[in-house]
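Thanks for coming. I have one structure to go through today, and I will keep to charges, patches and burial. Please look at it on the screen first.

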Amino acid sequence: MKQSLRLRLVVISAGMIILSVVICWIMNLCLLPGFYERSKKKQLDSVYEQTAELFEANEWDSLTADGKNAVYDEVDKIGANTGVTMYIMEVKINVQTGLVSNVDYLYPSISDRAKNKNKDQFSKYVMFKQLGNVFDDKYELIKETENYELYKVFDEQIGSNYIDLVGGLEGSFWIYVRSNYQGIRESAAISNEFLAYAGIGVTILCVLIMIFVSNQYTKPILALARLAQRMEELNFNVRYEENRRDEIGVLGHSMNSLSDKLQETILELKTANNELQLDLQRRSEQEQMRQEFLANVSHELKTPIALIQGYAEGLQENVNDDPESRDFYCEVIVDEADKMNKMVKRLLSLNQLEFGNGQVHLEHFDVQEVIKSVLASSEILFRQKEITLSFNESEPVYVWADEYMTEEVVMNYVSNAVNHTGGERIIEVKIQSVEGHARVSVFNTGEKIPEGEIGKIWNKFYKVDKARTREYGGNGIGLSIVKAIMEAHNQRFGVKNYDNGVEFWFELDEKAEN
C-alpha cells in the first residue's frame, strides 16, 4: 500500500514523542514514590550503621569534652551528607516499671520546646518497643530489625509526612532520625506537569521540523533520475540501495531489476565472447606446442633413425663381410635404438608430470641413502671419465618427499654433472640444512652456463652446447623432468655459476607439514 512520505514522517515523529512523554509520566506517577521510599530506607539504614559504628568505636564515659565534641562533629557530617535530622539521647529506664523514666538530650543543642516535642515523640517509639502498638493510624511501621525500627508518620502540627528511625546505640544511648517524605510527592507532581507542557511543545516543534524536512525527500527522486542516466550509459554497477515501501522504493527496485536483467544479458554475451577467444587462443597455443614438439622429436629422432637405417642397409648389402664389422654395425643399431627408447620413456614420464598424472607419494626417508645409491650406480662412469667424487657422509637426513622422484632428480643432476665435467674433473655432492629444508647440491668443475641461457635450460629439448649434448646422447629432457618433479613437490630448485664450475640444487622438507 502506498503511503505519503510527508504524512508518514510527521505521524511517526509525533507519535513517538507523545508515547515517550506518556511513558515517562506514568513511570513518574506509579514507580517514583516506591523507588524514592526504598532509597530513603537504604539511606536511613546507612545513617544508623555509621552512627552505631561511631559510638562502638568510642567509650562515651571515658571521653573528654573535646572527644565528645569530635563525635558530635562526625554526627554533623553524617546528617549533612544525607540531609536528615538526627537526635541522640541517653535513656534511663525505671527499674521497677521497666519504662522510660528520663530522657536526656546529648545531640543537638536545641530549644526546650523542641526538646519536649521530640522527647514526647521519642518516648512513644520507646513505649512501642516495650509495650507493643500504642499508635493510631498516623503511624505506620514499615521496617523492624533487632536494633532499630522505621516508621512512616504524618505530623499534624506541621502537616507533612516523615520517615522516622528509632534505634538503640552502645550502652543506654538511642538515636532518633527523621527524614522528610513529603517532597517526593510534590516533586513527582511538578515533574508530571512539566512533562505534559514540555511534551506538547516538543511535539508541535517536531511536527513543524518534519514538515520542513519532508521537503528534502525530493532528493531521492533526483538520485533515481541520475541512476537512470548512468544506466543509459551501460553502467550497471550503480544500484538503488534503500529498502522502502513507498513510491520511490517501488521505482528504485524496478530499476534494479531492469539493471540486473540488462547486466546479466550483457555479461552472458561477454562471457561467451571471452570463452570463444580463450578457446581460439588455447587451440593456437596447442597447435604451436604440437608443432614445436613434433619438430623437436623429429629432430631428436632423425639422427638415430638415419644411423640405424644406414647401418641396417650396410648389413643387408654385406658392405663388410668380416664378423667384427657386422658386430660393430649391430652395436651401433642397438645403441641408437636404446637412445630412442630412453627418450620416449622420458617424454612419457615428463608428460605425466606436466599433466598431473604423476602423483606425489610423500614418504619419510633418509635422502643421504638415496644419494649414496645413485653415486654407487654411477661409479663406473666416474672411473671411465677419471672424475674425482667428493661426498662427505654425515648423520641421516630424513625428509618428506616421493623417494622414487627424488632419486630421479639426483640421477639427472649427477648424470648432467658427469657429462659436463671439465677442468680439474671434480664432482662435489653436499647436503645442507636451510630453514627447515634439506638442500641437496651437485657441483661439477667445468665451463659456466651463459647467464642468458640459465632461464632456458629447464625447457624441453633445450641444449646449451648441442654438439656436446649429442656426443653423450643427451636430448634436453632431464632438467625438464627435474623442474616438473620439484614443482609437483612445491619445492625450490635452481642452478648457480661459480668461477670454476656449475652447481645444481634442490630442496626438500625436513618436517611434516601441519
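Leucine 19 sits in helix H1, which covers residues 5-30. This is a predicted model, so please keep that in mind throughout. With a relative accessible area of 47%, leucine 19 falls in the partly exposed class, because that class runs from 20% to 50%. Leucine 19 also belongs to a nonpolar surface patch, together with Ile12, Met16, Ile23, Met27 and Leu31. The area of that patch is about 590 Å².

Next, helix H2. Helix H2 spans residues 32-56, and glutamate 56 is part of it. Is glutamate 56 buried or exposed? At a relative accessible area of 56%, glutamate 56 is exposed, because the exposed class starts over 50%. Glu56 helps to form a negative surface patch. The other members are Glu49, Glu53, Glu59, Asp61 and Glu170.

Lysine 40 is in helix H2 as well. Lysine 40 is buried, and it has no salt bridge. How far away is the nearest side chain of opposite charge? That side chain is aspartate 164, at 11 Å from lysine 40. A salt bridge here needs nitrogen and oxygen within 4 Å. What does lysine 40 touch, leaving aside residues up to four places away in sequence? The answer is Ile163, Ser179 and Asn180.

Now the salt bridges. As a reminder, side chains of opposite charge can pair when their charged atoms come close. The structure holds 8 salt bridges, and I will go through some of them.

One is between lysine 372 and glutamate 369, with N to O at 3.3 Å. Both residues are in helix H9, residues 367-377. They are 3 residues apart, which is about one turn of the helix. Lysine 372 has 26% relative accessibility and counts as partly exposed. Glutamate 369, at 42%, also counts as partly exposed. A network of salt bridges links Glu369 and Lys372 with Glu393.

Another salt bridge joins the side chains of arginine 439 and glutamate 507, at 2.8 Å from N to O. This pair links distant parts of the chain, 68 residues apart. Arginine 439 is in strand E11, residues 437-445, and glutamate 507 is in strand E13, residues 501-509.

Glutamate 507 has a second partner to mention, arginine 492, and here the closest N and O atoms are 3.0 Å apart. Where does arginine 492 lie? It lies in the loop between helix H13 (478-489) and strand E12 (493-498), while glutamate 507 is in strand E13, so the pair ties together parts that are 15 residues apart in sequence. Glutamate 507 is buried, with a relative accessible area of 2%, whereas arginine 492 is partly exposed at 48%.

Last, the totals. The protein chain has 13 helices and 13 strands. It has 514 residues, of which 35% count as buried. How many of the contacts between residues at least 6 apart in sequence join residues at least 24 apart? The figure is 62%. The chain exposes about 31700 Å², and carbon and sulfur atoms supply 53% of that area.

To recap the charged residues: lysine 40 is buried without a salt bridge, and glutamate 507 is buried with salt bridges to arginine 439 and arginine 492. That is the end of my part.

Methods. Residues are numbered from 1 along each chain as its sequence is written. This is a predicted model: local features need pLDDT of at least 70, side-chain atom pairs count only at pLDDT 80 or more; totals for chains, interfaces and linings use all residues. Side-chain values use heavy atoms; hydrogens and water are left out. Patches are made of residues with over 30% relative accessible area and no salt bridge: like charges are joined within 9 Å, nonpolar side chains (Val, Leu, Ile, Met, Phe, Trp, Tyr) within 5 Å. Accessible areas come from the Shrake-Rupley method with a 1.4 Å probe; for residues, only the protein chains shown count as cover. Lys and Arg count as positive and Asp and Glu as negative; His and the chain ends are not counted. The place of a charge is taken as NZ of Lys, CZ of Arg, CG of Asp or CD of Glu. Helices (H or I, at least four residues) and strands (E, at least two) are DSSP runs, numbered from the N terminus. Buried means under 20% relative accessible area, exposed over 50%, partly exposed in between (1.4 Å probe, protein chains only). Contact means heavy atoms within 4.5 Å.
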